Amino acid sequence: MRSEIAERLLEINKKFYSEFAEAFAQTRRSPQPGFAQVLDYLPQPCHRVADIGCGNGRFGTFLSLSLPDFSYTGVDFSAPFLEIAGAALGGRFISREIS
C-alpha cells in the first residue's frame with residue numbers, strides 16, 4: 001500500500017474514534033470468545049500484561065476477572081478510548097501510534 005494511502009486511512013480512523021469512541025465502546029463491552037483461550041498462554045502466575053491496541057480496555061477488564069493480581073498497561077492511539085479504559089480499569093495507559 002502506498003504510504004500516502006496508509007496515512008490517509010490512519011487519519012480517517014483517528015477521526016472516527018475521536019468522534020465516536022464512547023458510542024463505539026458501548027457496543028464493545030462483552031469479551032470476545034477468544035479471550036478465554038489466551039489464558040492458556042499466559043504464565044502462571046501472570047503479574048504483568050501489556051495490551052497493545054487496548055481500545056476501551058475490555059480485554060483488561062476480562063483479565064481482571066480471571067487473574068487474581070496483575071499490573072495492566074494499555075496502549076492505544078485514541079485518547080478517548082484510553083479515558084474510557086482508565087475509568088473502567090485500573091492500570092497504566094499510554095497514548096502511542098503503532099503502525
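The largest pocket in this predicted model holds about 230 Å³ of space. Its lining is made up of 14 residues, and those that lie nearest the centre are G53, C54, G55, N56 and R58. Two elements, α1 (3-26) and α3, each give two or more residues to that lining. Sorted by class, the lining has seven nonpolar residues, three polar ones and four charged ones.

Let's follow R58 from the pocket into helix α3. This helix covers residues 58-66 and lies on the path of the chain from β1 to β2, a β-α-β crossover that is right-handed. R58 is one of the buried residues of α3, along with F59, G60, F62 and L63. What do the buried residues of α3 pack against? Their partners are α2, β1 and β2. As a reminder for reading this stretch, an α-helix has 3.6 residues a turn, so residues three or four places apart point the same way.

Now turn to the strands on either side of that helix. β1 (residues 48-52) and β2 pair in the parallel sense, with five bridges between them. To find the register on your screen, look for V49, whose bridge partner in β2 is Y72. Strand β2 itself spans residues 71-76, and five of its six residues are buried, so the strand is mostly covered, buried here meaning under 20% relative accessible area.

On from β2, the chain forms another β-α-β unit: β2, helix α4 (residues 79-88) and β3 make up this one, and it is right-handed. β2 and β3 (residues 92-95) run parallel and are joined by four bridges. Here T73 is the residue to pick out, as it stands opposite R92 in β3. Strand β2 thus has bridges to β1 and to β3.

One last stop is L39, found in the loop between α2 (35-38) and β1. Is L39 buried or exposed? It falls in between: L39 has a relative accessible area of 22%, and because buried requires under 20% and exposed over 50%, L39 counts as partly exposed. Leaving aside residues up to four places away in sequence, L39 touches Q44, F62, L63 and S66. Two of these contacts, F62 and L63, bring us back to α3, where both are buried. L63 is 24 residues from L39 in sequence, yet their C-alpha atoms are 8.4 Å apart in space.

Definitions and conventions:
Residues numbered from 1 in each chain as written. Predicted model: local features only at pLDDT ≥ 70, side-chain atom pairs only at ≥ 80, totals over all residues. Heavy atoms only, no water. Buried < 20%, exposed > 50% of the residue type's maximum accessible area, 1.4 Å probe, protein only. Pairing = 2+ DSSP bridges. Right-handed = clockwise from strand over helix to strand, strands pointing away. 1 Å grid on protein atoms, 1.4 Å probe; cavity = no way out; pocket = protein on both sides within 12 Å on 5 of 7 lines; lining within 4 Å. Points joined across faces, edges and corners; volume = space filled by probe spheres on them. Nonpolar A, V, L, I, M, F, W, Y, C, P; charged D, E, K, R; others polar. Contact = heavy atoms within 4.5 Å.
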